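Hi everyone, thanks for coming. Let's take a few minutes to walk through one protein together, starting with a small puzzle and working outwards.

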Amino acid sequence: MRWTLRFAVPALALLFTLCTILYIKFAQIWDQYNAPAYAWASLKNSFRGSKLDSPPAIVGKVEDKVVIMAKVESEDTQWVAENLPDWQHAIYTVDPSATTSNDTLTTPQNKGHESMAYLTYIIDHYNSLPSTLVFVHPHRRGFSDAWHTDTPLHDNVDALRTLRIAFVQQNGYANLRCNWNPGCELPHRKNKHIKPEVWREIFAGASRSVFSLKEKGVSEDDYVPGEVGAACCAQFAVSKERVLQRPLSDYEGFRNWVIDTKMNDAMSGRVLEFLWHVIFGMDAV
């Protein structure tokens, strides 16, 4: 009996520890994916046989707003033209091939994930920007592919159709993800990607800030925040006015950093993912 207890107690302790770890991990995923809302919306749609109600697109009228994205050649982005006819769209193919048509938008290099396309659009259209710019990923929807899209069905069509343009114009910048997990919760703010030396590399030579740092008399390359927090995952809206608060040379410098850094495609893109809000004038946290 004693031998049984001696083995049973450690085994139960180990089992309890493993169950606790699994519970914490599952709870994180449950929250990040907003699983309850997704399950409920999917259930309702299965009975209705239709999509969630959302404001209809204005057919035949292209407005003063643009949706910008990067894609690999194999990805299908026809959903943009079919479902967002009232939006201008700039879709960049980052891996063009010999068969890519001449009118396809491309980037200087396939690096930095979506950041190369985002910055290329701003640089190429700096003097003719529409009033509202929205930067999103090429996948329209899906529980696994588009979990970071903050609508019940993780659907970018719903996200853009319900976007409050007036708020974007008033605030200047809006992350399309409201869920703080991952990226903005307290444990995430000591961001391992935004090291002091990386911050200085990116903002070295950037204009003396027209945002809050200007009043403090501090240039961005001298200032390094102790924490950086932003809800993932590089999908956001910004006003033309806010973009123009930086000179063109700043955006050229940011893109040159992506091209020149020794970081690979994924890592350089991840760094910019947590800095878009800073680039467009928001506080680090």
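So, which residue in S4 does Ile68 stand opposite? Have a look while I set the scene. What you see is a predicted model, and the answer is Phe135.

Let's see how those strands fit together. Strand S1 covers residues 65–71, and S1 runs parallel to S4, with four bridges between them. On S4 there is also a pairing with strand S6, residues 236–239, and here the sense is antiparallel, again over four bridges. If you want a landmark for that second pairing, find Val134, which stands opposite Ala237 in S6.

Now stay with S4, residues 132–135, and look at where its side chains go. Thr132 and Val134 point one way, while Leu133 and Phe135 point the other way. Are these residues buried or exposed? All of them are buried.

Leu133 is a nice one to click on. Setting aside neighbours within four places in sequence, Leu133 is in contact with Val66, Ile68 and Tyr121, with Phe236, Ala237, Val238 and Ser239, and with Lys240 and Val243.

That brings us to the core. As a reminder from your lectures, nonpolar side chains tend to be buried together in soluble globular proteins. In our model, the largest nonpolar core has 43 residues, and those touching the most other members are Ile68, Leu133, Phe203, Tyr251, Trp276 and Phe280. Which helix gives this core its largest share? That is helix H4, residues 115–124, with seven residues. There is also a second, separate core of 17 residues, and Ile91, Ala159, Ala174 and Ala237 are among them.

You have met Ala237 already, so let's use it to find one more residue. Phe167 and Ala237 are 70 residues apart in sequence, and their C-alpha atoms are 9.9 Å apart in space. Phe167 is found in helix H6, residues 165–171. Why does Phe167 count as partly exposed? Because its relative accessibility is 34%, and partly exposed runs between 20% and 50%. Beyond four places away in sequence, Phe167 touches Gly172, Tyr173 and Ala174.

Finally, let's zoom out. The protein has 12 helices and six strands. Of its 285 residues, 45% count as buried. Among contacts with a separation of 6 or more, 72% are between residues 24 or more positions apart. The accessible surface is about 15300 Å², and carbon and sulfur atoms account for 57% of it.

Thanks for listening, and do go and find that Ile68 and Phe135 pair on your own screen!

Key:
Residues are numbered from 1 along each chain as its sequence is written. This is a predicted model: local features need pLDDT of at least 70, side-chain atom pairs count only at pLDDT 80 or more; totals for chains, interfaces and linings use all residues. Side-chain values use heavy atoms; hydrogens and water are left out. Buried means under 20% relative accessible area, exposed over 50%, partly exposed in between (1.4 Å probe, protein chains only). Helices (H or I, at least four residues) and strands (E, at least two) are DSSP runs, numbered from the N terminus. Two strands pair if DSSP finds at least two bridges between them. Contact means heavy atoms within 4.5 Å. Accessible areas come from the Shrake-Rupley method with a 1.4 Å probe; for residues, only the protein chains shown count as cover. A nonpolar core is a set of buried Ala, Val, Leu, Ile, Met, Phe, Trp, Tyr and Cys residues joined through side-chain atoms within 4.5 Å.
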